[in-house]
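Biologist: Please take me through one part of this model up close: the largest nonpolar core and the residues around it.

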Amino acid sequence: MQERVMPFRCIVCDQRHWDGITVMEEFICGRCEREMIRTPVEHEKYPFFVVQMRKIWLKEQA
């Protein structure tokens with residue numbers, strides 16, 4: 001019997017993807033990674049990324 005492998009769930013967009021990076025055991029998809037890198041601090045979406053990335057920190061502290 002062949003085991004099905006599910007794609008990883010991105011901690012930023014909460015979607016399942018195959019490509020991306022792992023930061024402190026949490027997955028960030030390639031699309032979100034690229035968008036975060038290109039988003040300037042003054043952009044309205046920047047605080048969203050900060051909140052999503054804070055989830056990684058909070059899990060580490062728990």
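Modeller: What follows is a walk through that core, one neighbourhood at a time. Keep in mind that this is a predicted model, so local features need pLDDT of at least 70 and side-chain atom pairs count only at pLDDT 80 or more, while totals for chains, interfaces and linings use all residues. Residues are numbered from 1 along each chain as its sequence is written, and side-chain values use heavy atoms, with hydrogens and water left out.

Confidence first: pLDDT is the predictor's confidence in each residue, from 0 to 100. The protein chain averages 91, and 94% of its residues score at least 70. Helix 1 has the highest mean of the elements, 97, and helix 2 the lowest, 89. Helices (H or I, at least four residues) and strands (E, at least two) are DSSP runs, numbered from the N terminus.

Now the core. A nonpolar core here is a set of buried Ala, Val, Leu, Ile, Met, Phe, Trp, Tyr and Cys residues joined through side-chain atoms within 4.5 Å. Buried means under 20% relative accessible area, exposed over 50%, and partly exposed in between (1.4 Å probe, protein chains only). The largest such core has 11 residues: Cys10, Ile11, Val12, Cys13, Phe27, Ile28, Cys29, Cys32, Met36, Phe49 and Ile56. Two or more of them come from each of strand 4 (26-29), helix 1 (30-38) and helix 2, with strand 4 giving the most, three residues.

Val12 is a good place to start. It belongs to the loop between strand 1 (8-9) and strand 2 (16-17), yet it is buried at 2% relative accessible area. Contact means heavy atoms within 4.5 Å, and I leave aside neighbours within four places in sequence. On that basis, Val12 touches Ile28, Cys32, Met36, Phe48, Phe49, Gln52 and Met53. Val12 and Phe49 are 37 residues apart along the chain, with their C-alpha atoms separated by 7.1 Å.

Gln52 sits in helix 2 (residues 46-61) and is itself buried, at 9%. Beyond its sequence neighbours, Gln52 contacts Ile11 and Val12.

On helix 1, the buried residues are Gly30, Cys32 and Met36. They span an arc of only 165° around the axis, so they lie on the same side of helix 1; the arc is that of the directions from the helix axis to the C-beta atoms.

What about the cysteines? A disulfide is a pair of cysteine sulfur atoms within 2.5 Å, and a search of the whole structure turns up zero. The closest cysteine sulfur to that of Cys13 is in Cys10, 3.7 Å away and too far for a bond. For Cys29, which is buried at 0%, the closest is in Cys32, at 3.5 Å, again too far. Beyond its sequence neighbours, Cys10 contacts Gln15, His17, Phe27, Ile28, Cys29 and Cys32.

Finally, Glu26 is in strand 4 and is buried, at 17%. Its contacts outside its sequence neighbours are Ile11, Ile21, Ile56 and Lys59. The Glu26 side chain also makes a polar contact with the side chain of Lys59, at 3.2 Å. A polar contact is a pair of N or O atoms within 3.5 Å; within protein, one must be able to donate a hydrogen and the other to accept it, and residues adjacent in sequence count only if both atoms are side-chain atoms.
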